[in-house]
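Dear colleague,

I am handing over the structure we spoke about, and below it I set out what was found. Please keep the model open beside the text as you read.

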Amino acid sequence: LRHIERTKILFHLVSAESENPARDYKIIKNELKEYREELAKKSEYVFLTKSDTRDTKEVKKKITILKKISAKTIAVSIYDWSSIEKVKKILNKIKTGK
């Protein structure tokens, strides 16, 4: 996890195929905290990946659950150009610092 110490912002990718995405997120978050408390406090985005593999209702439910944990949560799919554009905007925002 040493390489993560140099990052300013973390991206957590949680699969929409997961039965419990909140649990999966919390596992990673706890691992970061156990390694070094400061890592768990870094700014972050949560991406619900493979959103194309689940129906819209299930994806919305999982996004709602994850947004209660992290407001910066979006569903993404490599087959959904608009979600890829959202990720690009986030990356550009981080790059330019705006």
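Two residues are said to be in contact when heavy atoms of theirs lie within 4.5 Å. Please bear in mind throughout that this is a predicted model.

With that meaning of contact, which residues does Leu66 touch, leaving aside residues up to four places away in sequence? They are Pro21, Ala22, Tyr25, Val46, Leu48 and Thr73. Leu66 itself is found in helix H2, and it is buried, with a relative accessible area of 1%. The C-alpha atoms of Leu66 and Lys50, which are 16 residues apart along the chain, are separated by 15 Å.

The packing of the helices comes next. Helix H1, residues 21-35, packs against helix H2, residues 56-69, at an angle of about 35 degrees, and their axes are 9 Å apart. The crossing in which H1 passes H2 is right-handed. On the H1 side Pro21, Ala22, Tyr25 and Lys26 take part, and they meet Lys62, Ile65, Leu66 and Ile69 of H2. Sorted by character, the residues of this contact comprise six nonpolar and two charged ones, with no polar residue among them.

Leu66 and Tyr25 also belong to the largest nonpolar core, which has eight residues in all and is completed by Val14, Ala16, Val46, Leu48, Val59 and Ile63. Strand S2 (43-49) and H2 are the elements that give two or more residues to this core, and H2 supplies the largest share, three residues. There is also a second, separate core of six residues, including Tyr45, Ile74, Val87 and Ile90. As general background, nonpolar side chains in soluble globular proteins tend to be buried together.

Turning to the charged residues, the structure holds eight salt bridges. In general, side chains of opposite charge can pair when their charged atoms come close.

One of the salt bridges joins Lys50 to Glu17, with the closest N and O atoms 3.3 Å apart. This pair links distant parts of the chain, since Lys50 sits in the loop between S2 and H2 while Glu17 sits in the loop between strand S1 (9-15) and H1, 33 residues apart. Lys50 is partly exposed, with a relative accessible area of 42%, and Glu17 likewise counts as partly exposed, at 38% relative accessibility.

Another salt bridge brings together the side chains of Lys29 and Glu44, at 2.8 Å from N to O. Here too distant parts of the chain are linked, with Lys29 in helix H1 and Glu44 in strand S2, 15 residues apart. Are these two partners buried or exposed? Lys29 counts as buried at 16% relative accessibility, and Glu44 is buried as well, with a relative accessible area of 11%; both values fall under the 20% that sets the limit for a buried residue.

Within helix H2, the side chains of Glu58 and Lys62 meet in a salt bridge of 2.7 Å, N to O. Because Glu58 and Lys62 are four residues apart in helix H2, about one helical turn separates them. Glu58 is partly exposed, with a relative accessible area of 26%, whereas Lys62, at 7% relative accessibility, counts as buried. Elsewhere, Glu5, Arg36 and Glu38 are joined into one network by salt bridges that share partners.

With best wishes

Note on methods
Residues are numbered from 1 along each chain as its sequence is written. This is a predicted model: local features need pLDDT of at least 70, side-chain atom pairs count only at pLDDT 80 or more; totals for chains, interfaces and linings use all residues. Side-chain values use heavy atoms; hydrogens and water are left out. Axes are lines fitted to C-alpha atoms, for helices over the stretch in contact, and angles run from 0 to 180 degrees between N-to-C directions. A crossing is left-handed if the near helix is turned anticlockwise from the far one by less than a right angle, and right-handed if clockwise. Ala, Val, Leu, Ile, Met, Phe, Trp, Tyr, Cys and Pro count as nonpolar, Asp, Glu, Lys and Arg as charged, and the others, Gly among them, as polar. A nonpolar core is a set of buried Ala, Val, Leu, Ile, Met, Phe, Trp, Tyr and Cys residues joined through side-chain atoms within 4.5 Å. Buried means under 20% relative accessible area, exposed over 50%, partly exposed in between (1.4 Å probe, protein chains only). A salt bridge is a side-chain nitrogen of Lys or Arg within 4 Å of a carboxyl oxygen of Asp or Glu.
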